Amino acid sequence: MDQSKQEKEYGYELFPERNTGPKKEKSFVKSLFTSQFKCEIMLKLAMETSPYAKLLLSAMNSSGCKVIRDRHFACEDCDGSVSGGFDVASSQIVLCQNNIHQQSHMNRVVTHELIHAFDHCRAHVDWFNNLRHLACSEIRAANLSGDCSFSSEVSRFNFGMKQHHQECVRDRALRSILAVRKISAEEAQKIVDEVFDSCSNDHAPFGRIPHGSKDAEFAYRDHESRDRYNANL
Ligand SMILES: [Zn+2]
């Protein structure tokens, strides 16, 4: 068997789809559609069932920033292990459909990014020029989203619940800042330290740190009844 015949037999003929471009493209588009479809279903569920997300959506609505699913969310493929992001320019929350596979993960990412969107809505946040603003919103997102509620028993045993939560918030905020800004870890640490107390004590719109779905559900009902009360005034 000569070289070219071998290539022919072990190459193209073993992968018949290589010569049928459109067919391959179709299945690629189909798989893209499938992961996007799954992402959109999980997003819809998060917006309708997560008390964290429901509270944030309601609070933004009351602040004049109505969130529309098709306009303000985008399911996309992302680089690396990123789960999501808030695109300030388009006021859109990006959800990384290639990295979010579970509903609980989707709920946390939607909540985390909605906290950034809430901050963007209620205050004039200078995301690009003022690192304190960015640090503050990352501290609030880590503190209130439940990102730090899934702590290991060992850490709780070592540091106690409250201290562990604070360490986790500090660490997550630091990593989030370093992921989006080219500054040294020391610089980022300094900025996080400067704003940590005031930003970790700002629990809006939750009222207090929700340490689980039950807390978030109470905060949501509280917010709804307050809203109704205000509407009756
Ligand atoms: Zn963030």
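How many Å should the 12 residues of helix H3 span at 1.5 Å a residue, and how far apart are its end C-alpha atoms? The expected span is 16 Å, and the end C-alpha atoms of H3 are 16 Å apart, so the two agree. Keep in mind that this is a predicted model.

## The chain as a whole

The chain holds 10 helices and three strands. Read from the N terminus, the order is α-α-α-α-β-β-β-α-α-α-α-α-α. The three strands therefore follow one another, with helices on both sides of them.

The chain has 233 residues, and 31% of them count as buried. Now take the contacts with a separation of 6 or more. Residues 24 or more positions apart account for 62% of these.

## Helix H3

H3 covers residues 51-62. Is this helix enclosed or open? Nine of its 12 residues are buried, so the rest of the structure largely encloses H3.

Which residues of H3 are buried? The run starts with Pro51, Tyr52, Ala53 and Lys54. Leu55, Leu56 and Leu57 come next, and Ala59 and Met60 complete the list. After H3 comes Gly64. Its phi is positive, near 85°.

## Helix H6

H6 runs over residues 131-144. At 1.5 Å a residue, its 14 residues should span 20 Å. The end C-alpha atoms of H6 are 20 Å apart, which agrees.

H6 is also largely enclosed by the rest of the structure, because 12 of its 14 residues are buried. Among them are Leu131, Leu134, Ala135 and Cys136. Charged names appear in the list too: Glu138 and Arg140 are buried in H6. So what do the buried residues of H6 pack against? They pack against three helices: H5 (103-122), H8 (161-180) and H9. Gly146 follows H6, and its phi is positive, near 95°.

An α-helix has 3.6 residues a turn, so residues three or four places apart point the same way.

## Arg208, out in a loop

Where does Arg208 lie? It sits in the loop between helix H9 (185-200) and helix H10 (213-232). Is Arg208 buried or exposed? It has 11 C-beta neighbours inside 10 Å, so it counts as exposed. The cut-off for exposed is 12 or fewer.

Arg208 also links this loop to the story of H6. Leu144 is one of the buried residues of H6. Arg208 and Leu144 are 64 residues apart in sequence. In space, their C-alpha atoms are 8.4 Å apart.

Technical notes: Residues numbered from 1 in each chain as written. Predicted model: local features only at pLDDT ≥ 70, side-chain atom pairs only at ≥ 80, totals over all residues. Helix = DSSP H or I, 4+ residues; strand = E, 2+ residues; numbered from the N terminus. Expected span 1.5 Å × (residues − 1). Buried ≥ 20, exposed ≤ 12 C-beta atoms within 10 Å, placed from the backbone. Contact = placed C-beta atoms within 7 Å.
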